[in-house]
Amino acid sequence: MCPPRSPPYAPEAAGQTCGLHAVSPYPRANPPIGPTLFTLCRLGRFSGPREDEASDLTGAPRAPCVARTTSHPSPRGGGLHGPAVPSAGSWRTNCEQPALDCSVAFALARTLTRLGDLEMDDVQAVRMGPQALAETLKTAGPDATRDLSADGAYLHDALLASACLHILHFFTQRSTFVARTLVEHSGQLADVVAKTDLLLARNPSPVTKDTLFEERYAAHIVQKHGSLTIYGIDLSRAPEQWPLGTAYLSLEADLERETRHAMIRAEHAFNGRDRVLLRGVAGSGKTTLVQWLAVTTGRQDLAVLDSGTPLASLIGRVPFVLPMRTLTRQHDDLPTPDEFLRRTRCPLAGAQPTGWADRVLASGRGLLLIDGIDEVPKRTRERTRRWLQDLLANYQRNVWLVTSRPSAVRDRWLATEKFTELSLTPMSREDVTSFIRRWHNAARSVSEQGERDQLDAYETSLVTAVRTKQDLALLATNPLMCGLICALHCDRRGYLPSGRKELYDAALSMLLARRDRERDMKAPDGIELTEEPKVRLLQRLAYKFILNGKSELDRSHAERIIADTLPSVPVAAAQGDAAAIFQHLLLRSGLLREPAVGTIDFIHRTFQDYLGAKAAVEEGDMALLVLRAVESQWEDVIRMAVAHARPKEGADFLMDLIRRGDGSTSGYRRSQLHLLAAAAVEHATELEPRVRAAISERASALIPPHSPGEAHDLAGIGSVALELLPGPERLTDEEALLTARTAILIGGDAAIPLLGRYQDHPDPQVRQLLCSAWHRFDTLSYAEGVLAGLPEAGVYFEITTPEELTVFSRLGGRSRVRVSKGFDAVRLTQALRPDRVTHLWLPADQSVTWYWLAAFAGLQTLTLDPSTETVDVSSLAAHPTLRLVRVPSTQPTVGKEALIGKVEFASYEPDATNASAG
């Protein structure tokens, strides 16, 4: 018999009778069947969650069970609380209703006991939902309904779904469920994140691909360009390359703006400019600057690229180093952006994402460093300009640097493309001193203690020599020449050759004959060549480089040149074939290198030109040199040829240059040839007076200069031009400014008397130029010869070194003074003669407060140089005589409100000329 009816089903009963394996007290056996399920069958309902609650268990609304008969409402009213089930009176079976209810109850009990067999916890069961849980239970106990009729089985399924709904609801109310659910969800989320990361790694988006590649590319740029060769330190145990940060020397560039000149540090070329054409003579540091900019951009060190510094425009950019010698070595056509990496032999070229270079440039994130326009063959130079124009038209928001030797491209060559022209200036005395000290520091780092003591003595004597010997100072004008001088000075124990040709000869001898001896290397390849046969082979190779208009050649081509030359050098031919001899020169000469597999070049164009000129003279090709004289790639070759030629041969050659210039119908060509002849004079060891007079006559016609370009060209002549430069009498203000500028660029003590003639010029711009050039000359000599008698009205006397500050104090002070960084307030107060100063120009970060300026009792105008630090100007309100404060327009400042009604506050553009200061 069926048990008697009992009170309605309660939620707690399900939790006690039916549960999962982890909580059920009857995991495997059939549990006792109490009156609860019998009552459930009779009533066809139980007081579980409503349908809106059921939807919370699975995240989706519950689908109600549909009976084949009518359903009755809940006694509670307000609608149906559980799924509809058939009413007791509607069944048509062969048994009485109580018997049916009893059978369904026992079948339902058997099905629910399968809860103990399921390998899952309550969180997993809730995730399944009531319908899926019911189906799982039916699958686990398929025989539970085998004795029921179809209507009984249907009732069993409906009640099972309701029971599962109620059980899951009960699980969600337990105190541990929420915590366990959070843990479960956290695990699932971590799993999803890991799988998503794996999916992205295997199938990255274009943006992700670009980012990952740019990281690899930046590391490659830093590794490739992060070191330099310091000539002469490779004589013993030193490494071949030195870190760029150790070897790099910041140089000055002349910013030409119509009649105005401003000196800036070369690496600050992009401060307010995004297109720069940089000119510089051979060895002046153009390529080194390109390397430094590439490495600095690749590292993206925000301590260097701070948003307030002159280098801020490099933040977030991708550098492309494009040496023209490489781009034009095997191809007449120039590359499109997608070919940049391949044509520059970057090993990552094959790994770059498709369209990456285009996306970088189209977004305006590129830094394009196009090095060596002068190394492009003349016939393709105009095509190179059109290539640049096409790139500029399609990728406008990038930063561009183009470098060239001065005469390779005309003035304003890229003016229509809005390029600013800068010219690297000869190294100042302070630059030369700094270079000498860095060179010797690098040498000391790889030397024993005894050698370090010697290097200390060499450093001191060389610094003194370049300050006191005019001929030596004229040679030490760029990093290449300074490096050779340092190396030879140490190598020859303090003795130095006096002329440029002698300097090059000594440098070649050091590299070719003494290099292996210094390193204790004796014929490692079985080939022993003295200096002379090495020079013969190398000069022939260099001449072929020049004749082909190339700075790089294929190795196979170079070996063919050596093969053609070997019969005339029997001592070399007896020791190996062309391939073996060339390999020996490549490894042991110190003048050749292989920048990429199968590509050969000289370590510097200067050595190539010097050796090529020697070959041209020995082969009697002077007429060819005259014919090629208008080509910029041949200019240094022609100068060196005069040095190599015999006296009469050299005189005839110079007169041929003069005559070709005289016969030219182009004024530009005439000036170019006459200037070239004048520049070559200094290399002649002996020259007839009539030839010298003819050259001076032609050069005089080019004086005074009428443009910044002409001033630089004249300065390139050297001391010859200095002898021809006039005083300020009968010159216009513009001519006087450019003439003084030419003398400053030539430099040396010989220029001081000439500049002294300009000291009382009425134009403040001329006098300001003289004040700004102090650091380029001997401190005391320049102060006595130029500054002592210079009227101070309207100009700032500039102080950049402690020596200048000391000498300035002896001059008795001046009313307008500009001071660079590195001086403390106490020292300035003592040395500047505060009682005389009315206008002061200081670094913005000179001090935290400005109360110390009270010592300058007559101060009227204060101008601040740019700084990345925020400047507090509030303390200036206390100064009794201060009337005007000028700060850069980009300078962050605070405390301006304190100046209202007391001191005028004004901003200026940092590139403004010094003379424009109030």
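**Entry 1. Helix 38 and the parallel sheet**

I began with helix 38 (residues 802-810), which lies across strand 13 and strand 14 (816-819) and runs at about 140° to strand 13. I note at the outset that the model is predicted.

I then asked in what order the strands of the open sheet of six strands stand. The order is 13-14-15-16-18-20, and the pairing is parallel. I recorded strand 13 (797-799) and strand 20 at the edges; each has a single partner strand, so one side of each is left without a neighbour in the sheet. Direction ignored, neighbouring strands of this sheet are turned by 20° against each other on average.

**Entry 2. Pairings within that sheet**

I went through several of the pairings in turn. Strand 15 pairs with strand 16 in the parallel sense over five bridges. In this pairing I found P843 opposite D865 of strand 16.

Strand 16 (residues 861-865) is joined in turn to strand 18 by three bridges, and the two run parallel. Here L862 has V885 of strand 18 as its bridge partner. On to the edge, five bridges join strand 18 to strand 20 (residues 904-908), again with the strands running parallel. V885 stands opposite F905 in strand 20. I therefore have V885 on record as a partner of L862 and as the residue opposite F905.

**Entry 3. Strand 18**

I asked how many residues of strand 18 (residues 884-888) are buried. Five of its five residues are buried, and the strand is mostly covered.

I next looked up which way the side chains point. In a regular strand the side chains alternate between the two faces of the sheet. In strand 18, L884, R886 and P888 point one way, while V885 and V887 point the other way. All of these residues are buried.

**Entry 4. R836**

I located R836 in the loop between helix 39 (825-831) and strand 15 (839-843). Is R836 buried or partly exposed? Its relative accessibility is 30%, so R836 counts as partly exposed.

Leaving out residues up to four places away in sequence, I listed what R836 touches: E792, G812, G813, R814 and S815. R814 is 22 residues from R836 in sequence, yet their C-alpha atoms are 6.2 Å apart in space. For G812, I noted that its backbone oxygen lies 3.2 Å from a polar atom of the R836 side chain.

**Entry 5. Q539**

I turned to Q539, which lies in helix 22 (residues 531-547). Q539 counts as buried because its relative accessibility is 3%, and the cut-off for buried is under 20%.

Apart from neighbours within four places in sequence, Q539 is in contact with L611, G612, K614, A615 and E618. With which side chain does the side chain of Q539 make a polar contact? The partner is the side chain of E618, at 2.6 Å.

**Entry 6. Helix 20 and helix 26**

Two packed helices are described by the angle between their axes and the distance between the axes. For helix 20 (residues 500-512) and helix 26 (residues 605-618), I recorded axes that come within 12 Å and cross at roughly 105°. The two helices are therefore roughly perpendicular to each other.

From helix 20, the contact is made by K501, Y504, D505, A507, L508 and L511; from helix 26, by T606, F607, Y610 and L611. I sorted these residues by class and obtained seven nonpolar, one polar and two charged. L611 of helix 26 is also in my list of residues in contact with Q539.

**Entry 7. Helix 23 and helix 25**

I made the corresponding entry for helix 23 (residues 555-565) and helix 25 (residues 578-588). Their axes come within 9 Å and cross at roughly 110°, which makes helix 23 roughly perpendicular to helix 25.

On the side of helix 23, R555, A558, E559, I562 and A563 take part; they meet A578, A579, I581, F582, Q583, L585 and L586 of helix 25. This contact has nine nonpolar, one polar and two charged residues.

**Entry 8. The antiparallel sheet**

I followed helix 25 further: it lies across strand 11 and strand 12 and runs at about 90° to strand 11. Those strands belong to an open sheet of three strands with the order 10-12-11 and antiparallel pairing. Strand 10 (553-554) and strand 11 (592-596) stand at its edges, each with a single partner strand, so one side of each has no neighbour in the sheet.

Strand 11 pairs with strand 12 (residues 599-602) in the antiparallel sense over three bridges. I closed this entry with A596, which stands opposite T599 in strand 12.

Conventions:
Residues numbered from 1 in each chain as written. Predicted model: local features only at pLDDT ≥ 70, side-chain atom pairs only at ≥ 80, totals over all residues. Heavy atoms only, no water. Axes fitted to C-alpha atoms, helices over the stretch in contact; angles between N-to-C directions. Helix = DSSP H or I, 4+ residues; strand = E, 2+ residues; numbered from the N terminus. Parallel < 35°, antiparallel > 145°, perpendicular 65-115°, else oblique. Contact = heavy atoms within 4.5 Å. Nonpolar A, V, L, I, M, F, W, Y, C, P; charged D, E, K, R; others polar. Buried < 20%, exposed > 50% of the residue type's maximum accessible area, 1.4 Å probe, protein only. Pairing = 2+ DSSP bridges. Polar contact = N/O pair within 3.5 Å; in protein donor to acceptor, adjacent residues only side chain to side chain.
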